[in-house]
Amino acid sequence: MRKIQNKLITSYSVIVLFSILLLSVPMLKTQISEIKTNINQTAALQMSASANSVNAFIKDAVRVVKDVSLYPKRANFTLETAQKDFEALIKDDPALFCLYYADPIPMSQGGKFYSGDGWIPEDDYNKETRGWYAAAKKSNKPEISEPYVDMSTHSLITTISLSVKDDHGRFIGVVGLDILLEVLNDMVTGKKISKNGQTYILDANGKYLTNNDFNKIVNANFFDDYKSLAKYKSNLKDDLFVKTNASGGYYFCGQVISEDSGWILVTVGPSAELYASLRNNIILIVIMAILSLCVSLAIAYLFSTKIVTPIKTVDSTVNQIASGNADLTQRLKVDSNDEIGSLETGFNRFVEKLQGIISQIQGSNSELKDVEIQLVDSVNDASSSITQILSNIESVGNQVTNQVNAVSQTSAAVAEIAENINSLENMIQKQANGVESASSAVEEMIGNISSVNMSVEKMAQSFAQLEESSKNGIDQQKFVDQQVSEVSQQSKTLQDANYAIANIASQTNLLAMNAAIEAAHAGEAGKGFAVVADEIRKLSETSSEQSKKIGAELHNIVETINAVVAASAKSTSSFNQVSNLISATDELVRQIRAAMEEQDEGSKQILESLKLMNDSTSEVKTASTEMKEGNQMILNEINNLQNTTMVIKESMSEMSAGAKNMNETSASLSEISTQVRESITKIGQEIDLFKA
């Protein structure tokens with residue numbers, strides 16, 4: 001009864017546990033999904049709000065710098081007004097440390113530096129060496145400097161600077177606004193998602209710009225401290241990045257807060273803190289499930305005890321009947337109207353029927369002994385027949401095995417033939433491709449030869465025209481030589497004429513001198529003649545000078561004509577050489593033309609041969625394809641035969657196995673018949689014990 005009670009308790013517990021799981025698992029899954037969604041949304045909202053807050057702070061600071069960049073253009077912009085205005089602009093924000101303007105003139109030369117706190121640098125102060133000044137001077141947009149230590153307060157600050165230009169676009173200075181990183185750090189530190197979380201501002205390379213440990217600012221890298229988060233560095237772009245279950249057991253969120261500087265706001269902390277509510281809900285659900293299971297076990301124990309108690313009563317009564325020397329005349333006492341009472345009534349009816357059956361079995365005991373003898377004889381006969389069948393099946397199986405081996409060998413041979421046919425077909429295909437390629441190449445060569453023949457023909461015509469032109473050139477050159485010779489003779493005549501003119505001028509000069517002498521002798525009467533004589537003398541001198549010039553020019557002309565004569569002689573010789581070379585080249589062109597005609601004829605014969613070879617290859621290819629198809633049919637038939645043989649072999653194996661099973665069954669039947677005989681004897685002895 002203990003086993004029944006245990007089974008009832010176990011069954012009830014399993015049903016209750018299944019019901020608990022059926023209800024709690026979907027609920028838990030829904031809770032997990034909702035809580036994770038809420039965690040991601042909350043983290044995203046908090047991170048976005050923090051980033052917007054810091055971004056708004058930076059934008060306000062940039063706006064202040066842009067507004068102040070208009071001040072230097074005012075007519076009333078002085079040290080006093082600048083100090084007053086600058087101080088008023090930043091007095092309400094503790095993070096804005098100092099607002100100032102510096103012109104481009106060095107301090108040692110009377111440069112200006114207007115500061116909201118009234119600080120004026122020394123003369124040796126060099127603005128150009130300051131990072132905020134140099135960066136703004138090179139740029140047309142606001143620049144955010146790297147953090148540095150302020151000279152006067154020794155505070156860690158960063159500067160937003162902007163270059164100032166006049167109406168003509170000329171650089172007239174820089175406006176700077178210092179931001180206290182300590183105040184900015186306090187602002188950022190409070191913007192965390194969980195209790196033990198940390199929020200930092202990083203530069204574009206991941207270095208700290210805010211940190212409670214000021215020694216780490218600019219000197220340490222965030223991704224060196226959190227190495228497991230380095231793989232998410234590329235995700236920190238303009239869009240918000242949220243990873244509530246990042247590597248190393250952290251949650252990690254980040255967003256770019258300044259496009260100009262590339263500053264990044266990140267927050268990090270243990271992810272277990274974000275999932276604490278989820279963990280608490282899971283623990284609560286598990287505790288409720290365990291309590292429900294314990295209560296269910298107690299209820300199951302009470303119900304099983306109430307059910308098993310009446311069964312124990314029936315069990316006690318049945319054991320009493322069983323211990324009464326198989327007395328089937330005993331009956332159970334029925335004292336209830338429930339299922340147990342129905343069980344007792346049914347048991348009494350069963351014993352009554354069993355009493356009648358035992359009486360019949362006792363009468364049939366002798367008949368069973370006769371059947372037992374017949375069964376043993378039949379089993380022995382069947383065993384000998386099965387042994388003979390098994391021997392015949394093994395003989396047939398051996399023959400089928402031999403046939404399978406023969407078919408396999410045939411199939412392998414046919415497959416090898418098929419492989420050879422495939423190889424032959426591939427070689428034929430390669431040959432056909434080669435012949436086609438050769439035909440194409442020869443046809444292309446014939447085309448090229450024809451093109452060359454046409455080119456050679458044109459070249460021969462060109463050489464004929466060139467030879468004719470060369471001959472005409474030689475004739476023209478000869479004519480030019482004659483003309484140059486005539487010019488040379490004429491130039492000599494001109495020289496002779498120039499000599500004659502020079503002599504006439506000399507004689508005229510003498511005549512003029514004599515006339516002047518005679519005019520002087522004549523006195524007043526000879527004055528008119530003296531004038532004529534003087535004019536004649538001047539004309540003679542002019543003629544003499546012109547004669548000298550003409551002589552010089554004629555000398556140059558003669559030298560030039562001599563050079564032309566020499567060049568003409570060389571040109572005539574060159575024309576003769578060119579004519580001879582053209583004649584020789586024309587002969588070579590004619591020989592090339594004849595060789596190309598022979599090459600054209602030979603190529604056409606090669607093309608005809610390749611066409612015949614291509615036709616033969618196509619016929620061989622067709623025959624190879626038909627052979628391949630026939631061999632494939634043979635291979636398919638052999639495969640069918642092989643499959644049929646394998647089926648026969650498997651059938652014979654199954655028949656052999658069946659025969660062996662029959663043989664084993666026969667042996668088992670023999671043993672069973674012996675056991676049946678022994679059992680019948682025992683049954684007879686046991687039945688004799690019943691009192692019916």
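The protein chain in this predicted model has nine helices and 10 strands. Let's take a walk through it, starting with the whole chain and then stopping at a few places worth a look.

## The chain as a whole

Of the 692 residues of the protein chain, 31% count as buried. Its accessible surface comes to about 42,300 Å², and carbon and sulfur atoms account for 56% of that area. How do the contacts relate to the sequence? Among contacts between residues at least 6 apart in sequence, 64% join residues at least 24 apart.

## Strands and their partners

Strand S1 (96-102) is a good place to begin. Six of the seven residues of S1 are buried, so the strand is mostly covered. Which strands does S1 pair with? One partner is S6, joined to S1 by six bridges and running antiparallel to it. Within this pairing, Leu-99 has Leu-177 in S6 as its bridge partner. Another partner is S2, also antiparallel, with three bridges to S1. Here you can find Ala-102 standing opposite Phe-113 of S2.

Further along the chain comes strand S7 (residues 198-202), where four of the five residues are buried, so the rest of the structure largely encloses this strand. S7 runs antiparallel to strand S10 (residues 264-270), and five bridges join the two. If you want a landmark in this pairing, look for Leu-202, which stands opposite Ile-264 in S10.

A general point helps when you look at strands: in a regular strand, the side chains alternate between the two faces of the sheet.

## Helices with a buried side

Now turn to two helices. In helix H3 (residues 131-138), the buried residues include Trp-132, Tyr-133 and Ala-136. Why do these residues lie on the same side of H3? They cover an arc of only 100° around the axis, and so they share one side of the helix. What covers the buried residues of H3? The cover includes strands S1 (96-102), S2 (113-115), S3 (143-144), S4 (148-149), S5 (156-165) and S6 (171-180).

Helix H4 (residues 181-189) can be read in a similar way. Among its buried residues are Leu-181, Leu-184, Asn-185 and Val-188. These residues cover an arc of only 105° around the axis, which puts them on the same side of H4. The spacing has a general background: an α-helix has 3.6 residues a turn, so residues three or four places apart point the same way.

## Aromatic rings

Rings are another thing to look for. A pair of aromatic rings is described by the distance of the centres and the angle of the planes. How many aromatic pairs are there in this model? The count comes to 23. Two of them are set out here.

| Pair | Centre to centre | Angle between planes | Arrangement |
|---|---|---|---|
| Tyr-71 and Phe-86 | 6.3 Å | 25° | stacked |
| Phe-222 and Phe-223 | 5.2 Å | 85° | edge-to-face |

Where do the members of the stacked pair, Tyr-71 and Phe-86, lie? Tyr-71 is in the loop between helix H1 (2-68) and helix H2 (79-90), while Phe-86 is in H2, so the pair ties together parts that are 15 residues apart in sequence. Tyr-71 is buried, because its relative accessible area of 13% is under 20%. Phe-86 is buried as well, with a relative accessible area of 0%. Tyr-71 has one more neighbour to point out: Arg-74 lies over the face of its ring, at 3.9 Å from the ring centre.

In the edge-to-face pair, Phe-222 counts as buried at 0% relative accessibility, and Phe-223 counts as buried at 7%. Both residues belong to one aromatic cluster, formed by Tyr-200, Tyr-208, Phe-222, Phe-223, Tyr-226, Tyr-232, Phe-241, Tyr-250 and Phe-252.

## Around helix H5

Our last stop is helix H5 (residues 222-225), where Asp-224 is found. Is Asp-224 buried or partly exposed? With a relative accessible area of 48%, Asp-224 is partly exposed. From C-alpha to C-alpha, Asp-224 and Lys-207 are 9.3 Å apart in space, while in sequence they are 17 residues apart.

The loop between S7 and H5 holds Val-218. The phi angle of Val-218 is near 70°, a positive value in a residue other than glycine. At 24% relative accessibility, Val-218 counts as partly exposed.

Methods. Residues numbered from 1 in each chain as written. Predicted model: local features only at pLDDT ≥ 70, side-chain atom pairs only at ≥ 80, totals over all residues. Heavy atoms only, no water. Phe/Tyr/Trp six-rings, centres within 6.5 Å; stacked < 30°, edge-to-face > 60°. Buried < 20%, exposed > 50% of the residue type's maximum accessible area, 1.4 Å probe, protein only. Lys NZ or Arg CZ within 6 Å of the ring centre and 35° of its normal. Pairing = 2+ DSSP bridges. Arc of directions from axis to C-beta. Contact = heavy atoms within 4.5 Å. Areas by Shrake-Rupley, 256 points an atom, 1.4 Å probe, with all protein chains shown as cover.
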